[in-house]
Amino acid sequence: MPSIQREFLMIPGPTPVPDRVLAALAKHPIGHRSPDFSDILMESIAGLKWLGDTENEPLILASSGTGGMDGAIANTVNRGDKVLSLVCGVFGERFAKIAEAYGADVTRITAEFGKPIDPQAVRDALAKDTKKEIKAVTITHNETSTGVINDLETIAGIIKEHGALSLVDAVTSFGATPVPIDAWGLDIVVTGSQKALMLPPGLGFAFVSEKAWKAVESCSNPRFYLDFRKYLKSQRERTTPFTPNVSFVVALVESIKMMKEEGKDEIFKRHVGLRETLRKGVRELGLKPCVDDAHASPSITSIYPPDSTDVPAIRKALKERFRITVADGQEELKGKIFRMGHMGYVFERDIGMALYALKEVIGQPAKAKTEAVAK
Ligand SMILES: Cc1ncc(COP(=O)(O)O)c(C=O)c1O
């Protein structure tokens, strides 16, 4: 049944987009080789640096977040190089698989469902590498498939001590929680537009450190579209190597303006508040979050369904009655958990409404279940 009700996306990306950003997207595109666009590009780069507390150049890619992850590997890891991949969910595994696709010799450290990577396990694995053969370590800051946030600061310090490159997937942490790239010494940090940056999907970003640039220069992998050197060279000349996603860069400037108006610390505090309100409310409804308090993500919360109803029924009822879309579990967790995203343009009021809707929905489990089965 079509509905005129406003949609509320509570999936972990795409996320809600502010009207100001939508209005910026609606502007007629301008020429990407024009001086006006050069100014806009430079403003967006400066804004990204501000958000990441960094002097590292953020490369702006017309890709999703995975494009940035692909680029991080393609530009630094040669066939046969050893890579340590820290895997605590689907996206950590994706980074490992990308490295394998480029012929790297990948070793994994894995964490069980709902748990973070143990920094001591990373320390032990790197200590064993006395010949310093491990070229890079891949890590997911915020594992969206489970709702775990890893202790990136500690783990990055351990990697730095060893000397390997830290390749960081910050797709659902950047803009929601501090990722101070220079202070933590992160070598490549990847993110995407459709998460806490409050834009639709369409841009990928990769911040590259001085140390990582050396690896990029000496990397012998074949690459073209995602050759980071091309992006750096062009950005230094105030332009892009290929046709950029002009409208999205214009909109990015607007979303960064909004972030500056709110203030970085306020944004990060807001996300912590959203997590706390949601977790408290979920527990009051008798539901159990999948991740313990110490490792719970500020941008996404995964929840076990009650015994009385199932995940498809909850998702269906939330969608049909309230136009709220929450995410299913991924891969083997499909149907076993549901996930509520709260990153970017999301506020306390939204969480209150979502909790009200959830209460209504799980209060009528039998009805919801029958409807789901009947479809
Ligand atoms: C942690 C994490 N890494 C990587 C990705 C992949 O990003 P994209 O779907 O933009 O390629 C996602 C997407 O949700 C993610 O949550």
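In this predicted model, a good place to begin is strand S8, where five of the five residues are buried, so that the strand is largely enclosed by the rest of the structure. In a regular strand the side chains alternate between the two faces of the sheet. Strand S8 is covered on both of its faces, since Leu165, Leu167 and Asp169 on one side are buried and Ser166 and Val168 on the other side are buried too.

What are the partners of this strand? Strands of a sheet pair through backbone hydrogen bonds, and they may do so in a parallel or an antiparallel manner. Strand S8, which covers residues 165-169, runs parallel to strand S5, residues 134-140, and five bridges join the two. Within this pairing, Val137 has Ser166 of S8 as its bridge partner, while Ile139 stands opposite Val168 of S8. Strand S8 also pairs with strand S9, residues 188-192, again in the parallel sense, here over three bridges. In that pairing, Leu167 stands opposite Ile188 of S9.

These strands belong to a wider arrangement, an open sheet of seven strands in the order S2-S10-S9-S8-S5-S3-S4, in which the pairing is mixed. Strand S2 (57-61) and strand S4 (105-110) stand at the edges of the sheet, and because each has a single partner strand, one side of each is left without a neighbour in the sheet. From one strand to the next, the twist averages 20°.

Helices also lie against this sheet. Helix H2, made of residues 35-51, lies across S2 and strand S10 (204-208), and the helix runs at about 125° to S2. Helix H4, residues 90-101, packs on the sheet as well, where it touches strand S3 (82-87), S4, S5 and S8, and its direction makes about 170° with that of S4.

We can now turn to the nonpolar residues of the interior. The largest nonpolar core has 54 residues, and Leu86 and Leu186 are those with the most contacts inside this core. Which helix contributes the largest share of this core? That share, 10 residues, comes from helix H10, which spans residues 246-262. Another core, of 30 residues, lies apart from the largest one, and among its members are Val83, Ala99, Ala104 and Val190. For a closer view of Leu86, we can set aside its neighbours within four places in sequence; the residues in contact with Leu86 are then Gly92, Ile109, Ile117, Val122, Val137, Thr138, Ile139, Thr140 and Ile155.

Other helices pack against one another. Helix H11 (residues 264-284) and helix H13 (residues 348-362) have axes 10 Å apart and pack at an angle of about 20°, and they are therefore roughly parallel to each other. Their crossing is right-handed. The contact between them is made on one side by Gly273, Leu274, Thr277, Leu278, Gly281 and Val282 of H11, and on the other by Glu348, Ile351, Leu355 and Leu358 of H13.

Helix H13 meets helix H12 as well, and the axes of H12 and H13 come within 10 Å and cross at roughly 120°. These two helices are therefore oblique to each other, and H12 passes H13 in a right-handed crossing. On the H12 side, Ile314, Ala317, Leu318, Arg321 and Phe322 make the contact, and on the H13 side the residues are Tyr356, Ala357, Leu358, Glu360, Val361 and Ile362.

Finally, some details of the backbone deserve attention, and they are found in loops. A cis peptide bond, with omega of about -5°, joins Gly13 and Pro14, and Pro14 is found in the loop between strand S1 (8-10) and helix H1 (19-25). Arg238, although not a glycine, has a positive phi of about 65°, and this residue lies in the loop between helix H9 (228-236) and H10. Arg323 is not a glycine either, and its phi is positive, at about 55°; its place is in the loop between helix H12 (311-322) and strand S13 (324-328).

Is Arg323 buried or exposed? Arg323 has a relative accessible area of 13%, and because a residue under 20% counts as buried, Arg323 is buried. Arg238, in turn, has a relative accessible area of 36%, which means that Arg238 is partly exposed.

Notes. Residues are numbered from 1 along each chain as its sequence is written. This is a predicted model: local features need pLDDT of at least 70, side-chain atom pairs count only at pLDDT 80 or more; totals for chains, interfaces and linings use all residues. Side-chain values use heavy atoms; hydrogens and water are left out. A nonpolar core is a set of buried Ala, Val, Leu, Ile, Met, Phe, Trp, Tyr and Cys residues joined through side-chain atoms within 4.5 Å. Buried means under 20% relative accessible area, exposed over 50%, partly exposed in between (1.4 Å probe, protein chains only). Helices (H or I, at least four residues) and strands (E, at least two) are DSSP runs, numbered from the N terminus. Contact means heavy atoms within 4.5 Å. Two strands pair if DSSP finds at least two bridges between them. Axes are lines fitted to C-alpha atoms, for helices over the stretch in contact, and angles run from 0 to 180 degrees between N-to-C directions. Angles under 35 degrees count as roughly parallel, over 145 as roughly antiparallel, 65 to 115 as roughly perpendicular and the rest as oblique. A crossing is left-handed if the near helix is turned anticlockwise from the far one by less than a right angle, and right-handed if clockwise.
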